[in-house]
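Please consider the backbone of the structure shown below, with attention to peptide-bond geometry and to the sign of phi.

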Amino acid sequence: MKPPRKMPCATPFPTATMTLMTRLLATVTMAAVFVVSASPAATRPNVLLLMADDLNNSLGCYGHPLVKTPNLDRLAARGVRFQNANCQFPLCGPSRNSMLTGLYPNSTGILTNSQLFRQAIPSAVSLPQAFRRGGYFAARVGKLYHYGVPNSIGTNGHDDPVSWELELNPAGCDRLLEHPDIFSLIPGNFGGTLSWHASPRPDEKHTDGLQARDAEWVLERCARDKDRPFFLALGFFRPHTPYVSPEKWFKGYPVADMPVVTDVKEDQADLPAPALGSYKKEQDRLTDGLRRQTVQAYFAAISFMDAQAGKVLDALDRLGLAENTIVVFTSDHGYHLGEHGLWQKQSIFEESARVPLLIAAPGMKKGAVAPAPVGLIDLYPTLAELCGVHAPANLQGQSLVPMLKDPDAKGRGWALSQVVRGGGFKRQGASAATGDKGRRIIGYSLRTEHWRYTEWDEGKAGQELYDHENDPKELTNLAGKPEHAAAQARLAARLQAAVKTTFPADGKTPVIPEGNVMHMPLLVE
């Protein structure tokens with residue numbers, strides 16, 4: 001295999017970000033320094049972390065009737081599939097910062113995109129940084145921390161330099177050539193807008209195809225030099241908008257067969273206003289024909305991404321690394337495809353908060369399903385325990401190792417997600433004149449095996465309660481129903497107790513100093 005393309009020299013950070021860099025260098029151990037573990041490399045497992053972008057649970061191994069994902073399905077057969085995994089914030093930046101620090105968003109201070117935890121908690125030790133300190137070779141290909149997709153493809157995005165020993169940032173035809181060909185509900189806007197393109201170019205010309213090749217190259221290097229175990233993170237950009245993938249993948253999903261959600265108005269009738277706060281005005285332009293095209297393009301992007309993941313998994317087998325490598329596959333959050341009248345992310349319904357999570361680890365269960373609710377925040381302590389890597393004492397997740405050994409283990413029994421609304425939602429019972437227009441509110445959603453319970457602004461802007469044993473699509477809001485009062489009270493107490501655990505020891509969310517904003521250059525203007 002050929003070595004990867006020569007990468008462009010790093011562009012210096014703009015002046016506005018120098019404060020961040022100064023603080024980072026002053027508070028974090030130099031990136032080149034690591035502490036070598038006393039354990040020999042041969043006995044320490046490697047880690048391959050595969051991450052999709054904006055992927056919900058539309059996978060074959062999760063029982064989806066249409067989407068074809070044979071490669072991720074065989075990974076699920078090699079490990080444990082977590083049936084009720086949840087993100088902590090259904091937006092790329094906050095979710096990824098939370099997962100990679102092992103801290104809830106209330107403790108990272110990252111509640112929106114275009115920010116990095118170093119701006120608020122500069123001395124925190126990230127997951128890959130902990131592995132570097134433990135003697136691992138840590139490498140990143142593609143998107144792990146937040147990127148502005150698609151414009152930041154080919155750059156470091158909002159990356160954390162201390163986390164990695166090697167970064168590779170390929171850019172394919174989807175970024176460099178095909179923007180003029182992309183259909184969008186808002187012409188020329190792609191990243192936050194429903195948009196798609198069936199590309200005439202093959203897999204290997206696309207960014208995710210190039211990333212799979214680069215990951216293979218890294219694995220080949222690690223197979224030759226086994227002095228240190230590796231932590232390789234590969235962040236795919238699909239199925240994030242724009243849904244650009246080779247046209248052959250579109251052909252697997254005839255547009256006439258794509259599902260369209262119906263009875264939306266009836267579903268929305270019992271919902272508090274903040275629950276629908278992620279809706280975007282341009283989505284009024286959607287017809288049923290465009291809805292079917294959107295779903296077709298999203299499913300095609302998933303199958304394309306799955307094929308690239310398969311190439312990396314095949315390389316792991318071919319190079320003799322699979323038996324001593326922990327493989328994790330997940331996404332930063334879920335995704336709506338019309339459910340409740342919503343599209344994309346930033347809700348705390350099941351479709352947006354839930355994520356796929358597959359973990360195949362040496363010596364652990366194979367082909368098993370863990371039903372207990374878990375969170376992305378649990379990955380850091382899990383991987384640290386499996387690999388004997390020292391983890392910070394302030395991690396807020398639980399180790400999933402007991403579930404990898406016994407999938408019926410209960411763990412803490414819940415997962416917590418949150419989202420921010422910018423205001424404009426009046427309190428229940430308040431008049432328009434006394435509402436809270438313009439005030440930021442937070443919604444928290446607690447997921448147990450049986451229930452999802454959500455509070456907006458501590459319940460003052462609304463509550464939601466869903467019985468997942470009888471209503472897995474969350475179509476009937478049971479909050480306020482007398483027959484469910486006891487269950488709601490019990491879940492409310494549990495949610496409020498859980499929220500308290502998401503803050504740092506001083507109980508205050510870290511604040512990014514004013515003016516400390518990250519600005520990243522683009523590969524192509």
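Helices and strands are taken here as DSSP runs, with at least four residues for a helix (H or I) and at least two for a strand (E), numbered from the N terminus. On that basis, Pro150 is placed in the loop between strand S3 (137-142) and strand S4 (166-168). The model is a predicted one.

As background, most peptide bonds are trans, and most residues other than glycine have a negative phi. The bond leading from Val149 into Pro150 is cis, its omega being near 10°. A cis peptide bond also links Arg238 to Pro239, with omega at about 10°. Pro239 belongs to the loop between strand S7 (230-235) and strand S8 (243-246).

The sign of phi is the next point. Asp54, a residue other than glycine, has a positive phi, near 65°. Its position is in the loop between strand S1 (46-52) and helix H2 (70-78). Ser114, likewise not a glycine, has a positive phi near 65°. Ser114 sits in the loop between helix H4 (105-108) and helix H5 (127-133).

Are these two residues, Asp54 and Ser114, buried or partly exposed? Buried denotes a relative accessible area under 20%, exposed denotes over 50%, and partly exposed lies in between. Asp54 has a relative accessibility of 1% and therefore counts as buried. Ser114 has a relative accessibility of 33%, so Ser114 counts as partly exposed.

Notes
Residues numbered from 1 in each chain as written. Predicted model: local features only at pLDDT ≥ 70, side-chain atom pairs only at ≥ 80, totals over all residues. Heavy atoms only, no water. Buried < 20%, exposed > 50% of the residue type's maximum accessible area, 1.4 Å probe, protein only.
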